[in-house]
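Dear colleague,

Please find below the structure that I am handing over to you. I should be grateful if you would read the notes after it with the coordinates open.

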There are 2 protein chains.
Amino acid sequence: MCAEVTEFARALKDAGLRVTQQRMTVMSILMDAQDHPNADELLSRTRAVDDSISLATVYRTLSVLEEAGLIQKLALENEPARYEITPTAEHDHIVDVETGEVIEISNEEINRLRRAMVEELGYEIVSQHTLIRARKVK
Amino acid sequence: MCAEVTEFARALKDAGLRVTQQRMTVMSILMDAQDHPNADELLSRTRAVDDSISLATVYRTLSVLEEAGLIQKLALENEPARYEITPTAEHDHIVDVETGEVIEISNEEINRLRRAMVEELGYEIVSQHTLIRARKVK
DNA sequence: AACAGTAATGAGAATGATTATCATCTTATT
DNA sequence: AATAAGATGATAATCATTCTCATTACTGTT
């Protein structure tokens, strides 16, 4: 993890942001997360490492990291936003409507088609995301 | 509009819901809307017709109509949800990051690809939506 | 058309996620 | 180490949305 942490500190500096304990903690927790935690979940996980961290700082850190492009916010319909490290490959999500589980999917063909369609309308994509609510077929 | 209104009243009954002034008003406003209004905007537009309608009822009506499948909720990142009449053809949205304008797009090829991908994972789609944030190319 | 039963409404309180405030503490720079 | 600008913790404030509850309005039945 050491290399990644250094890398992350550099990314913060490049964005003109200070490298703080709290930001490093939140980021490392998010790096280790296999799921897509929300702010509350991040608070409790970070508190296992540093019990002084506040909810306000978690939110502030998340929004600062998002602006810097280091993480991505996942706005869901009826629950708090979830976060993930900005993935190397652009991808979308399936939310299992029964369990709430989030599954990552990606399809280059779809991305290409979307990009072409948006370009035809005279736009350039800033960000895009597909959210599919689905249920397991028995 | 008369035929549509009758049709809508039937849809409410079919869903086991009462046909009320407020529901009819909200629905007709939404039918006439060329944009994708949020709850507040719907409140002020409905009040031009019936100034007794309350914000709570707008929200209740919206959620009831959504459950009945008559309208669709559009969850955006950092602003209140927007609503639209359930479109005959499944479609997605581009949000212009500069103006906030919402543009509808659709592409059957993409829909097909998505459905196939989700099926392969053993899921069936309940609903799906793509939100693209984009800026106009100058 | 009046009735009864029950769902829907209006007004405002309550909730829950997120953001703002401000005094204090840290980081980066000299 | 000293400084100045930024970041933090604690908590208050905000904003969208939901809930509560007394009152009102649909709907099916006489």
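The notes below describe the relation of the chains, their interface, the domains of one chain and the contacts with DNA. Please bear in mind throughout that this is a predicted model.

**Relation of the two chains**

Chain A is superposed on chain B by a rotation of 180 degrees, with 0.0 Å of shift along the axis and an RMSD of 0.1 Å. This is the relation of a two-fold axis. Within chain A, Thr130(A) has the C-alpha nearest the axis, at 2.0 Å from it.

The interface agrees with this picture: 100% of the interface residues of chain A are also interface residues in chain B, so the copies meet through the same surface.

**The interface between chain A and chain B**

On the side of chain A, 36 residues are in contact with 37 residues of chain B. The two chains bury about 3300 Å² between them, and carbon and sulfur atoms give 62% of that area. As for polar interactions, 17 residue pairs are in polar contact across this interface, counting pairs with both residues at pLDDT 80 or more. There are also 2 salt bridges between chain A and chain B. One of them joins Arg135(A) to Glu124(B), with the closest N and O atoms 3.4 Å apart.

**Domains of chain A**

Chain A is divided into two parts, domain 1 (2-85) and domain 2 (92-134). The C-alpha centres of these domains of chain A lie 23 Å apart. Contact between them involves 6 residues of domain 1 of chain A and 6 residues of domain 2 of chain A. The area buried between the two domains of chain A is about 510 Å², with 71% of it on carbon and sulfur atoms. Which three residues supply more than any others of the area that domain 1 of chain A buries against domain 2 of chain A? They are His36(A), Leu74(A) and Leu76(A), which supply 62% of that area. The residues on this side of domain 1 of chain A comprise 3 nonpolar, 1 polar and 2 charged.

Between domain 1 and domain 2 of chain A, 3 residue pairs are in polar contact, both residues being at pLDDT 80 or more. The rule finds 0 salt bridges across the interface of these two domains of chain A.

**Contacts with DNA strand D**

There are 20 residues around DNA strand D, and those that come nearest are Arg18(A), Gln22(A), Thr57(A), Arg60(A) and Tyr59(B). Of the atoms of DNA strand D that come within 4 Å of the protein, 65% are accounted for by sugar and phosphate. Two residues of chain A may be inspected here. Arg23(A) places a polar side-chain atom 3.0 Å from a phosphate oxygen of DNA strand D, while Ser52(A) has a backbone N or O atom 3.1 Å from a phosphate oxygen of that strand. From chain B, the side chain of Arg60(B) has an N or O atom 3.3 Å from a base oxygen of DNA strand D.

**Contacts with DNA strand C**

DNA strand C is surrounded by 19 residues, the closest being Tyr59(A), Arg18(B), Gln22(B), Thr57(B) and Arg60(B). Sugar or phosphate makes up 63% of the atoms of DNA strand C within 4 Å of the protein, and bases make up the rest. A base oxygen of this strand lies 2.7 Å from a polar side-chain atom of Arg18(B). Phosphate oxygens of DNA strand C lie 3.0 Å from a backbone N or O atom of Ser52(B) and 3.1 Å from a polar backbone atom of Val19(A).

With kind regards

Terms used
Residues are numbered from 1 along each chain as its sequence is written. Chains are lettered from A and ligands numbered from 1 in the order in which they are written. This is a predicted model: local features need pLDDT of at least 70, side-chain atom pairs count only at pLDDT 80 or more; totals for chains, interfaces and linings use all residues. Side-chain values use heavy atoms; hydrogens and water are left out. Copies are superposed by least squares on the C-alpha atoms of residues with pLDDT of at least 70 in both. Contact means heavy atoms within 4.5 Å. Domain bounds come from an automatic or database domain assignment. Buried area is the accessible area (1.4 Å probe) that two parts lose on being put together, summed over both. A salt bridge is a side-chain nitrogen of Lys or Arg within 4 Å of a carboxyl oxygen of Asp or Glu. A polar contact is a pair of N or O atoms within 3.5 Å; within protein, one must be able to donate a hydrogen and the other to accept it, and residues adjacent in sequence count only if both atoms are side-chain atoms. Ala, Val, Leu, Ile, Met, Phe, Trp, Tyr, Cys and Pro count as nonpolar, Asp, Glu, Lys and Arg as charged, and the others, Gly among them, as polar. A residue is near a molecule or strand if one of its heavy atoms lies within 4 Å of it.
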